[in-house]
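Trainee: Could you walk me through how to read a model with two chains? I would like to learn it feature by feature.

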Amino acid sequence: MVTSRDDFSIAIRSAFLKKGVKQKFSLLALIIASIILLSLEAVNSKSLNFVRSTIKDVVYRISFVASIPGDSITSAFTNIQNYFEVYEQYEIVKSKLQQLENQQNQVNYLKIENDKLKKIIDNSDIYNYESVTTKVLVDKKSPFLKSVILNKGFDSGFKKGMPVLDGPYFVGRLTEVNYLSSRALLINDLNSKIPVLIEPMGYQAIMSGTGDKLALLEFLPKNYQLEAGSVVYTSGTGGIFFPGIPIGRVELIEKKFHIKFFSDLSQLYLVNVITSKPIGNEQ
Amino acid sequence: MVLFRKNFVSRFFSLIPVLILFFLAFSETEFNFERLSFLSFNLIYIVIFYWVLKNPDILGYGFIFLAGIINDVIIGLPIGVSSITYLVLAGFAAYVRYLTVEPSLIYDWIVFVPSIAVTNSVYFYILRIFFDIEVNYIALALNSGVTIFLYPIIGILFNFLFKIIIVQKNV
């Protein structure tokens with residue numbers, strides 16, 4: 001290996017400036033192009049957004065097709081695994097069903113009572129929202145960023161910030177909307193911060209993603225007395241999300257309160273995007 | 001006809017590294033195991049470093065740049081982050097290529113360690129400082145460790161492919 005200073009600079013120059021026989025661009029030129037592209041990310045103009053949106057739509061569609069072989073293998077493995085667990089799950093489900101039937105009777109009674117009380121206080125139905133069901137197009141299982149790509153965009157009325165539900169459970173919000181596709185940031189992403197309500201205590205707090213299967217509860221009130229098993233809902237603070245959408249249960253792990261989600265965020269397939277605005281935020 | 005077939009076969013084998021790169025960029029196959037996240041590794045880094053070191057004409061810088069942009073769109077990062085990190089890694093490989101008289105997999109492996117460290121630092125700092133995106137640096141460090149560990153194993157497999165490409169070119 002050559003070590004003199006001249007050879008060092010010659011090697012650097014050759015590596016970054018010299019083009020190979022079949023190369024059309026030098027490394028330095030492409031690094032500069034990347035820096036320019038990164039700088040353009042900060043520019044928010046209509047034409048640039050249109051170009052970005054088109055590029056993303058095209059790449060997502062190609063990515064979906066390219067993922068088919070890998071996804072087929074993964075789903076085949078999952079199916080085999082599921083077959084082995086069927087009987088065990090059947091027994092658990094059977095006993096849960098019995099419990100649920102009992103609870104259902106109680107819920108029906110409470111619902112009727114609730115409707116009567118609502119009529120008395122003349123309140124409109126806060127859970128009456130419109131939603132659009134969409135398929136998860138690509139689920140990039142990155143260890144660093146937790147998000148999914150959905151196969152509907154602003155042609156279906158999607159807008160940035162809209163909440164995403166898996167069945168009745170809150171799983172994330174839209175952070176990027178293109179014409180035919182959109183990206184939902186999941187609640188376990190490190191960058192996700194959601195105002196939540198903890199019942200039955202009624203505490204308000206912030207749920208922060210950890211990049212893992214659990215989320216962390218932050219900004220709890222002073223002298224709080226939280227119990228494991230309490231249910232966490234969206235609080236609706238700030239008028240971004242509907243209040244009362246269930247998220248998960250509180251768990252105490254290593255003296256810190258975490259949230260275990262009701263929904264398995266690694267298995268999202270069909271999700272609902274709430275397209276109507278919460279009451280008090282109609283504009 | 002025979003000449004055409006020979007050219008086609010030779011071309012096809014030369015295109016395999018590019019096809020692997022784009023398949024990885026497009027198909028989310030980043031080898032991130034959901035349940036065993038500590039085993040996730042970045043195969044794209046190995047592909048870029050190995051092939052730029054062996055012969056940059058097989059895996060062009062333009063393709064690396066494009067794969068970076070695709071990867072950014074798929075993961076949802078600001079467009080250009082992966083391109084810069086991939087090109088920095090390619091720069092390391094190209095620099096080592098110019099300095100190395102006698103290439104060996106073990107020597108390449110040793111150089112791969114600081115290259116990955118610098119590349120991932122660039123990635124981390126761009127996201128954290130310029131875009132204020134939180135990145136799990138422990139996961140990133142583990143990912144780098146596994147990638148480094150797997151380099152010689154995948155390098156041996158690529159050595160076979162490289163030999164086939166050379167043989168096909170000389171036929």
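Mentor: Happy to; we will go through the interface, chain B, the core, the barrel and one loop residue. Keep in mind that this is a predicted model.

Trainee: Let's start with the interface. How many residues does each chain bring to the contact?

Mentor: In general, the size of an interface is often given as the accessible area lost when the parts come together. Here we can count residues instead: chain A supplies 44 and chain B supplies 43. On the side of chain A that touches chain B, the elements giving two or more residues are α1 (5-17), α2 (27-40), α3 (46-121) and β1 (131-141) of chain A. Sorted by class, that side of chain A holds 24 nonpolar, twelve polar and eight charged residues.

Trainee: And which elements make up chain B?

Mentor: Reading from the N terminus, chain B runs α-α-α-α-α-α, with six helices and zero strands. Of its 171 residues, 44% count as buried. If you take the contacts in chain B between residues at least 6 apart in sequence, 67% of them join residues at least 24 apart.

Trainee: Which residues have the most contacts inside the largest nonpolar core?

Mentor: They are Met207(A), Ile48(B), Phe49(B), Leu87(B) and Ala90(B), in a core of 94 residues. Helix α4 (residues 81-99) of chain B gives the most to this core, namely twelve residues. Ile48(B) is a good place to look: beyond residues up to four places away in sequence, Ile48(B) touches Leu59(B), Ile64(B), Tyr86(B), Leu89(B) and Ala90(B).

Trainee: Now the sheet in chain A. In what order do the strands of the barrel follow one another?

Mentor: As a rule, strands of a sheet pair through backbone hydrogen bonds, either parallel or antiparallel. In chain A, six strands close into a barrel in the order β6-β7-β8-β11-β10-β9, with antiparallel pairing. From one strand to the next, the twist averages 45°. To see β6 meet β9, look for the four bridges between residues 193-199 and residues 231-234 of chain A. There, Val196(A) stands opposite Thr234(A) in β9(A).

Trainee: One last stop, Lys159(A): buried or exposed?

Mentor: Lys159(A) is exposed, because 12 other C-beta atoms lie within 10 Å, and a residue counts as exposed at 12 or fewer. Lys159(A) sits in the loop between β2 (146-150) and β3 (163-166) of chain A. Setting aside neighbours within four places in sequence, Lys159(A) is in contact with Phe154(A) and Val177(A). From Lys159(A) to Arg249(A), the separation is 90 residues in sequence and 29 Å in space, C-alpha to C-alpha.

Technical notes:
Residues numbered from 1 in each chain as written. Chains lettered and ligands numbered in written order. Predicted model: local features only at pLDDT ≥ 70, side-chain atom pairs only at ≥ 80, totals over all residues. Contact = placed C-beta atoms within 7 Å. Nonpolar A, V, L, I, M, F, W, Y, C, P; charged D, E, K, R; others polar. Buried ≥ 20, exposed ≤ 12 C-beta atoms within 10 Å, placed from the backbone. Core = buried A, V, L, I, M, F, W, Y, C linked by C-beta atoms within 7 Å. Pairing = 2+ DSSP bridges. Axes fitted to C-alpha atoms, helices over the stretch in contact; angles between N-to-C directions.
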